[in-house]
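Biologist: I should like to learn how to read a few features of a protein model. Could we take them one at a time?

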Amino acid sequence: MKRQLLLLVLLLLAVAVQSRAAGRDTYTVIVSLDGLRWDYLDAYDVPFLNQLAREGVKAVMQPSFPSKTFPNHYTLATGLVPDHHGIITNTFWDRERGVEFSLSNKETRSDGRYYGGDPVWLTAKRQGVKTATVFWVGSDVAVQGDHPTYWHDYQTEKIDFPGRVNEVIRLLSLPEDKRPHLVMAYFEEPDRSGHDYGPVNRFTRRALEYLDSLLSMMWTRIQMLPIGSQVNLIITGDHGMTSVDPKRFININDCLPQRWVQRACNDYPTLIYASAPQYIDSICDALQGVDHLRAWKRGELPEYLQYGHNKNMGDVVVLPDVGWLFDYKPSKKQRGSHGFDHTAADMQVGFRAVGPDFKQGYEKPDRFRNVCIYPLLCHLLGVTPSPNDGSLDEVRDMLR
Ligand code: AMP
Ligand code: ZN
Ligand code: ZN
């Protein structure tokens, strides 16, 4: 009798473990606050984000190189570093097609061929799990010819911040057979304020405090839903932000004769495409002699950057020191920037997570790489991840 009882308990436990692993009884909302530098959450008045640290997990996440918006949002979605997924920076030159990929070029930005890897909204959708985005880099592009179950076009649909919160609530309120198990939502702040006013400034502080109150309301509304206790909430971002100053400026034209350069995509890192192969060494030598710059030939970058092999890579990759600007003319307006070495302190990203799958009051002792978000989301959704550069083991300690 005792043995039968024990067997029954074991059977019930196995079923419970299996349904947890399947993950279909929980929902996950991931919010990206663009430019959420890790220490904003300690320096600014963000009671809700602090509450999440007490009730859930607090961590610091390392972006991938380069610490820019498009590369890192798409890394969060695919678990691949930018060199592997193809969005190698916000602006790059496609030699084969003779066109520039950039955020302002609608044609290339919306061309699914540039977006490699398998974004989580497709991984899950293929395995029968409904997914939704309220703006997320790549989700408004037909990647592999497809989109999430529900998505919005960043360029044509102007939804303000409270409207995005309403949309998250609406999606989670859909009837069960239509309800997405993954919702990914994007906010352009505090990146905008960080660029305009610098990371340490009262306007940037205000932007973050506003987001904190908005997300607090969102979480309260989520918890009032019938499925409230089944929802995991992750709040994180794509990269940090550092102070820049027009005085810390290096002019590209002072370093290189124009005739050596066919094209310089002067974002971070600056990708230089030589006008002829014989100039590549000269470009690299000239830039290596400039203070506050590092320059490498493609394929020769230090291993830790995991960068420089993509087919669209510039012949020379140039990276200024943190806080330095390398451009054709100094920007009088810009007070903050990012795109620098992804291991630098100011580029690190804040991370909070709360909900049934996360530990309570847990502070992760070491920072983790953002390529681990993809396997984490797949685990929470109970789907099999596609090959990626991350590891669930690196973030497993956050889970119950
Ligand atoms: P950056 O600070 O240069 O890395 O780029 C940030 C900018 O990317 C933000 O101000 C957004 O307006 C823009 N952005 C974010 N998501 C998208 C998207 N899906 N499509 C086009 N632009 C976007
Ligand atoms: Zn960004
Ligand atoms: Zn930015």
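**Contacts, cores and domains**

Biologist: Which residues is Glu189 in contact with, leaving aside its neighbours within four places in sequence?

Modeller: Contact means heavy atoms within 4.5 Å. Glu189 is in contact with Leu33, Asp34, Phe161, Ala207 and Leu211. This is a predicted model, in which local features need pLDDT of at least 70, side-chain atom pairs count only at pLDDT 80 or more, and totals for chains, interfaces and linings use all residues; side-chain values use heavy atoms, without hydrogens and water. Residues are numbered from 1 along each chain as its sequence is written, with chains lettered from A and ligands numbered from 1 in the order in which they are written.

Biologist: Which side chain of opposite charge is nearest to Glu189?

Modeller: A salt bridge needs a side-chain nitrogen of Lys or Arg within 4 Å of a carboxyl oxygen of Asp or Glu. Glu189 is buried (under 20% relative accessible area, 1.4 Å probe, protein chains only) and has no salt bridge, the nearest such side chain, Arg192, being 6.4 Å away. By contrast, Lys333 forms one with Asp196, with closest N and O atoms 3.9 Å apart.

Biologist: How many salt bridges cross the interface of domain 1 and domain 2?

Modeller: Domain bounds come from an automatic or database assignment, here domain 1 (24-80 + 117-242 + 341-398) and domain 2 (249-334). The rule finds 3 salt bridges across their interface. There, 10 residues of domain 1 are in contact with 12 residues of domain 2, while the C-alpha centres of the two domains lie 32 Å apart.

Terms used:
Buried means under 20% relative accessible area, exposed over 50%, partly exposed in between (1.4 Å probe, protein chains only). Lys and Arg count as positive and Asp and Glu as negative; His and the chain ends are not counted.
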